[in-house]
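The following explanation leads through the structure shown below, from strand pairing to aromatic contacts, salt bridges and the largest pocket.

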Amino acid sequence: MATLGLTACSSEPASLQQGPDAEVTKEGLIRVDHSKLDLSYARPDVNWGKYTKLYFEPVKVTNDHPADYKPPRIDRRADGLNATYDLPEEALIKMSEQFQLTVKEVFNSEQPFELVTKPGPNTLVIEAAVTDIRLSAPLESSRRSFSSMGRTYTENSGSMMLLAVIKDGATGEVLAKAADRGEGFNQWSQNTQVFNWGDVKTVYRRWINDFKNALMNAGAK
């Protein structure tokens with residue numbers, strides 16, 4: 001989503017690749033260099049300024065991982081027989097609902113975009129998924145330390161992957177794609193559900209604020 005003109009983490013602005021060696025997807029999207037996100041593609045010559053409405057599809061949150069992913073080893077003696085890194089279904093639903101809440105907080109009445117409940121003209125459709133969630137410790141409620149009043153400390157809560165597709169609401173044409181791995185701040189602390197949930201909200205807000213700023217920058221050009 002940082003394909004829309006965000007200033008990258010480096011000193012160089014984000015820009016579409018040029019020339020015969022430019023990386024192009026089957027939809028005609030071009031790779032963005034110096035993107036703020038890990039991987040970004042965008043369609044050239046899009047009039048982003050005409051889009052005044054946003055429709056966010058319900059976000060899909062899953063425990064899925066790439067085929068080559070190797071989960072951390074669980075020490076059954078230290079962590080217990082029930083320790084797991086997989087989030088239960090109710091947690092995945094809560095994460096999906098929180099994403100939508102953060103969208104409403106960021107795109108509030110003070111912003112130049114209207115959140116709508118269905119696609120239409122002058123509308124961007126955002127399809128997003130949160131996947132490949134990698135916790136830095138087994139779920140707090142599944143650990144032996146949870147029932148024994150013990151404590152677990154980690155450098156961060158872990159990370160999760162955002163996959164996003166942006167489409168034209170009237171035609172369904174794909175305008176941009178992005179992928180980014182987000183994580184909270186690296187700071188040693190007690191690993192608890194409360195702290196981990198705080199990191200989820202922080203990552204969500206960063207992603208959505210980046211998207212909002214990108215839209216505003218692109219629309220102004």
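**Strands, rings, charges and a pocket**

Strand β4 (53-56) and strand β6 (residues 114-115) pair in the parallel sense over two bridges. Here helices (H or I, at least four residues) and strands (E, at least two) are DSSP runs, numbered from the N terminus, and two strands pair if DSSP finds at least two bridges between them. The model is a predicted one, in which local features need pLDDT of at least 70 and side-chain atom pairs count only at pLDDT 80 or more, whereas totals for chains, interfaces and linings use all residues. Residues are numbered from 1 along each chain as its sequence is written, and side-chain values use heavy atoms, with hydrogens and water left out.

Within the pairing of β4 and β6, L54 has L115 as its bridge partner. Strand β4 also pairs with β7 in the parallel sense, over four bridges; there F56 stands opposite I126.

F56 also belongs to an aromatic cluster, together with F107, F113 and F211. Rings of Phe, Tyr and Trp (its six-membered ring) pair if their centres lie within 6.5 Å; planes under 30 degrees apart count as stacked, over 60 as edge-to-face and the rest as tilted. By this rule there are seven aromatic pairs. One of them joins F99 and Y204 edge-to-face, with 5.0 Å from centre to centre and 75° between the planes. F99 lies in helix α2 and Y204 in helix α4, 105 residues apart, and the pair links these distant parts of the chain. Both F99 and Y204 are buried (buried means under 20% relative accessible area, exposed over 50%, partly exposed in between, with a 1.4 Å probe and protein chains only). F107 and F211 form another edge-to-face pair, at 6.2 Å centre to centre and 70° between the planes. This contact links F107, in the loop between α2 and β6, to F211 in helix α4, 104 residues away. F107 is buried, with a relative accessible area of 4%, and F211 is buried at 1%.

Charged contacts come next. A salt bridge is a side-chain nitrogen of Lys or Arg within 4 Å of a carboxyl oxygen of Asp or Glu, and the structure holds nine of them. In one, K177 and E27 bring their closest N and O atoms to 2.5 Å. K177 is in strand β10 and E27 in the loop between β1 (15-16) and β2 (30-33), so this salt bridge ties together parts 150 residues apart in sequence. K177 is partly exposed at 27% relative accessible area, as is E27 at 24%.

R206 and D180 meet in a further salt bridge, at 3.7 Å from N to O. Because R206 lies in helix α4 and D180 in strand β10, the pair ties together parts 26 residues apart in sequence. R206 is partly exposed at 33%, whereas D180 is buried at 3%. In addition, D132, R134 and R181 are linked in a network of salt bridges.

The largest pocket has a volume of about 510 Å³. Of its 25 lining residues, the closest to the centre are L87, L139, Q193, N196 and W197. The elements that give two or more residues to this lining are α2 (89-106), β7 (123-135), β9 (158-168), β10 (174-183) and α4 (193-219), and α4 gives the most, with six residues. On a 1 Å grid over the protein atoms alone, a pocket is an open set of points where a 1.4 Å probe fits, with protein on both sides within 12 Å along at least five of seven lines; lining residues have an atom within 4 Å of a point. Grid points are joined across faces, edges and corners, and the volume is the space filled by probe spheres set on the points.
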